[in-house]
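This report covers backbone geometry, one sheet with its helices, and charged side-chain pairs. Please look over the sequence and the structure before reading on.

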Amino acid sequence: MNLSTASKTFQLLTRILDTRSSTEPFLPPAGEKKPLPLRPAEQPFPRCAPESQGIPSGHIQRFLEELERTVALHSVLVLRNGSLLCAAALRGQRLDAPKYTFSACKSVVSLAIGLLEDDGLLSLEEKAADIFEDLCPPAARRRLKDLTVEDLLTMRSGVLFTEAEALTEADWVRRFLSASTRGEPGGEFAYSSLNTYMLSAIVRRKTGGSLMDLLEERLFTPMGITDVLWETCPMGIEKGGWGLYIRPEDMAKLGQLVLDGGLWRGQRLISRNYIQRAASLHAQAPETCGDYNYGYQIWVGRRENTFLFNGMLGQNVLGFQDNGILVVTNAGEDTDFQESRYFEIVSRYFGGAFPASLPEDPAALSGLEETVRRLSDYSRPRDTIGPLGDPFLHRSFAVRDQRAPSTGLLPLALQVLHNNYTAGITSIAVSVRGGLPELLYRERDAVHRFPVGLGQPVITELRFRGDCYQTAVLGRFTHDEEERPVFVVRLEFLETPCTRTLKLILDRDGLLLRQTETPGVPYVYGKLAQAAAAPLYKPLLLMAAGGVEEDFLLYKTLQILSPELRFVQE
């Protein structure tokens with residue numbers, strides 16, 4: 001991290017942690033999260049009973065029930081031999097919504113590199129300094145003279161330029177090429193999404209078009225993959241290491257492409273040679289990353305013949321090479337790599353041998369289908385407002401709290417991710433429209449007005465300074481242990497792992513608003529505590545937060561992620 005970047009990163013962190021003022025970003029928000037439609041995938045997988053593919057329906061039902069108890073799961077698909085055996089979405093989640101994949105999309109970038117190699121446009125032994133010769137000053141050329149495309153694919157570039165630093169920089173290619181290094185290229189594995197970003201930039205250099213142009217022509221269109229969005233850097237290059245929105249079933253198609261050695265329904269899209277190398281061991285990952293080593297932007301099982309597309313917070317495409325099973329999940333876990341119990345569970349259920357088929361079992365299949373229905377909030381009847389809602393209706397409250405400038409409706413995780421920070425809440429009100437409560441959440445520069453489903457979620461589009469999110473909103477009226485009226489509203493941002501929960505509590509002094517988000521306090525506090533223990537980041541965090549003691553860091557985390565604000569009636 002150079003001095004300029006360190007200074008800007010420190011300033012941004014300080015602004016985020018200051019609850020008395022809104023966060024001013026260094027770069028203007030791009031507003032690139034356009035509306036993505038909720039509709040089924042094209043060219044869907046054939047649906048069939050699990051028994052037809054040798055897996056008991058009851059086995060999958062028990063798998064779902066254990067995941068429900070153990071993992072913050074949003075959706076799961078189970079396939080074998082290219083047939084979809086089970087598709088389930090939990091709570092307010094939808095299977096027809098494109099999902100933010102985080103680092104799972106790194107594996108999709110690997111497929112694009114395979115296309116270039118197949119076409120003879122790129123050799124994995126090519127030097128990055130040669131590809132970007134016009135952007136690489138002499139000192140950088142000497143430092144990076146041995147850095148190859150394969151080093152980028154295997155996370156062994158050694159370049160010290162991180163995702164956090166990218167939040168304050170405009171030209172990521174130049175910044176990557178000028179960054180300092182740890183060790184020699186091709187040495188130790190050091191995970192960084194900017195390695196993948198450089199692969200995306202290489203695609204642009206080699207083809208003259210974008211990463212999305214290549215993928216749409218060669219993979220997405222032939223496979224019926226639609227409504228895909230890939231965020232770009234300030235220079236217009238796809239982020240590569242993150243930023244992809246894609247439906248779970250469409251992501252499953254790309255996993256099936258790897259499982260089938262580059263074939264899609266009998267058509268050769270990528271060479272078997274590249275797929276086999278991409279899903280083979282090339283770099284030894286630390287045990288702290290989980291039970292997987294690394295191939296070409298694809299994780300490879302240490303003890304099982306598996307491959308994995310893996311994104312933080314639980315976005316996974318896991319393929320079992322020996323039995324043809326593919327499991328695709330989206331979740332909101334508090335994990336980065338493969339620390340979740342999910343991996344032990346899925347291996348226990350699907351890591352063994354299964355017969356080619358089993359006799360039909362209508363009763364077991366009916367039990368599985370009933371479990372899938374039960375997991376979804378949309379299977380429940382709609383409810384009415386009732387007398388518990390009366391204390392809230394047609395009332396408006398103005399905020400009276402110095403922490404209001406840092407509090408907004410969009411989860412903070414998404415504000416940071418999209419460089420799109422709130423200007424602060426000013427008031428909140430509840431009215432009625434169409435028999436449902438309607439919440440009016442007013443910020444200094446925006447008004448969010450949306451219906452709240454009762455019993456069953458209502459889908460609404462929420463817009464935040466140019467970014468648009470499909471959101472499932474579900475509420476309930478209740479009271480707390482002190483018999484105070486309470487209105488609880490849960491907003492699931494369907495295309496992301498994030499959920500925002502609002503708890504409105506009425507008392508003699510007016511309204512108390514408690515906001516939480518998931519993933520939230522445990523995850524962020526863990527990150528801050530980890531930074532406080534690192535010699536490189538401890539001074540930065542000390543200056544930005546004002547302290548690094550565990551209790552103080554937890555206090556700061558609660559302030560920004562779980563604020564409690566006082567309102568008075570207008």
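How many salt bridges does the count come to? In this predicted model, the count comes to 42 salt bridges. In general, side chains of opposite charge can pair when their charged atoms come close. Three of the pairs are tabulated here, followed by their setting in the chain.

| Salt bridge | N to O distance |
|---|---|
| E165 and R175 | 3.5 Å |
| R465 and E443 | 3.7 Å |
| D445 and R465 | 3.3 Å |

**Charged pairs**

The side chains of E165 and R175 meet in a salt bridge with an N to O distance of 3.5 Å. E165 belongs to helix α7 (residues 163–166) and R175 to helix α8 (residues 172–178), so that distant parts of the chain, 10 residues apart, are linked by the pair. E165 has a relative accessible area of 2% and is buried. R175 counts as buried too, at 7% relative accessibility.

R465 takes part in two of the tabulated pairs, one with E443 and one with D445. With E443, the closest N and O atoms are 3.7 Å apart. This pair links distant parts of the chain, 22 residues apart: R465 sits in the loop between β18 (458–464) and β19 (467–479), and E443 in strand β15 (residues 436–443). R465 is partly exposed, its relative accessible area being 24%, whereas E443 counts as buried at 3% relative accessibility.

With D445, the closest N and O atoms of the salt bridge to R465 are 3.3 Å apart. D445 lies in the loop between β15 and β16 (446–451) and R465 in the loop between β18 and β19, so this salt bridge ties together parts that are 20 residues apart in sequence. D445 counts as partly exposed, at 44% relative accessibility. Elsewhere, R39, D227, R247, D250 and K253 are joined into one network by salt bridges that share partners.

**The sheet and the helices across it**

An open sheet is formed by 7 strands in the order β2-β1-β12-β11-β10-β9-β8, with antiparallel pairing. The edges are β2 (83–89) and β8 (292–294); each has a single partner strand, so one side of each is left without a neighbour in the sheet. From one strand to the next, the twist averages 20°.

At the β8 edge, 3 bridges join β8 to strand β9 (residues 299–301), and the two run antiparallel. Y294 has W299 of β9 as its bridge partner.

Which strands does helix α2 lie across? Helix α2 (residues 57–70) lies across β1 (73–80), β2 and β12 (325–331), and runs at about 160° to β1. At 1.5 Å a residue, the 14 residues of α2 should span 20 Å, and the end C-alpha atoms of α2 are 20 Å apart, which agrees. The buried residues of α2 are S57, G58, H59, I60, Q61, F63, L64, E66 and L67. These buried residues pack against β1, β2 and β12, and also against α13 (342–350) and α14.

Helix α11 (residues 248–259) lies across β1, β2, β10 (306–311), β11 (315–320) and β12. The direction of α11 is at about 145° to β12.

**Backbone exceptions**

Most residues other than glycine have a negative phi, and most peptide bonds are trans. Three places in the model are set against that background.

H394 is not a glycine, yet has a positive phi of about 60°. H394 is placed in the loop between α14 (362–375) and β13 (395–399). At 62% relative accessibility, H394 counts as exposed.

N419, also not a glycine, has a positive phi of about 55°. The loop that holds N419 runs between α15 (412–417) and β14 (425–433). Is N419 buried or exposed? N419 counts as buried because its relative accessibility is 12%, under the 20% cut-off.

A cis peptide bond, with omega about -10°, joins T518 and P519. P519 is in the loop between β22 (510–518) and α16 (521–532).

Methods
Residues numbered from 1 in each chain as written. Predicted model: local features only at pLDDT ≥ 70, side-chain atom pairs only at ≥ 80, totals over all residues. Heavy atoms only, no water. Helix = DSSP H or I, 4+ residues; strand = E, 2+ residues; numbered from the N terminus. Buried < 20%, exposed > 50% of the residue type's maximum accessible area, 1.4 Å probe, protein only. Pairing = 2+ DSSP bridges. Axes fitted to C-alpha atoms, helices over the stretch in contact; angles between N-to-C directions. Contact = heavy atoms within 4.5 Å. Expected span 1.5 Å × (residues − 1). Salt bridge = Lys/Arg side-chain N within 4 Å of Asp/Glu carboxyl O.
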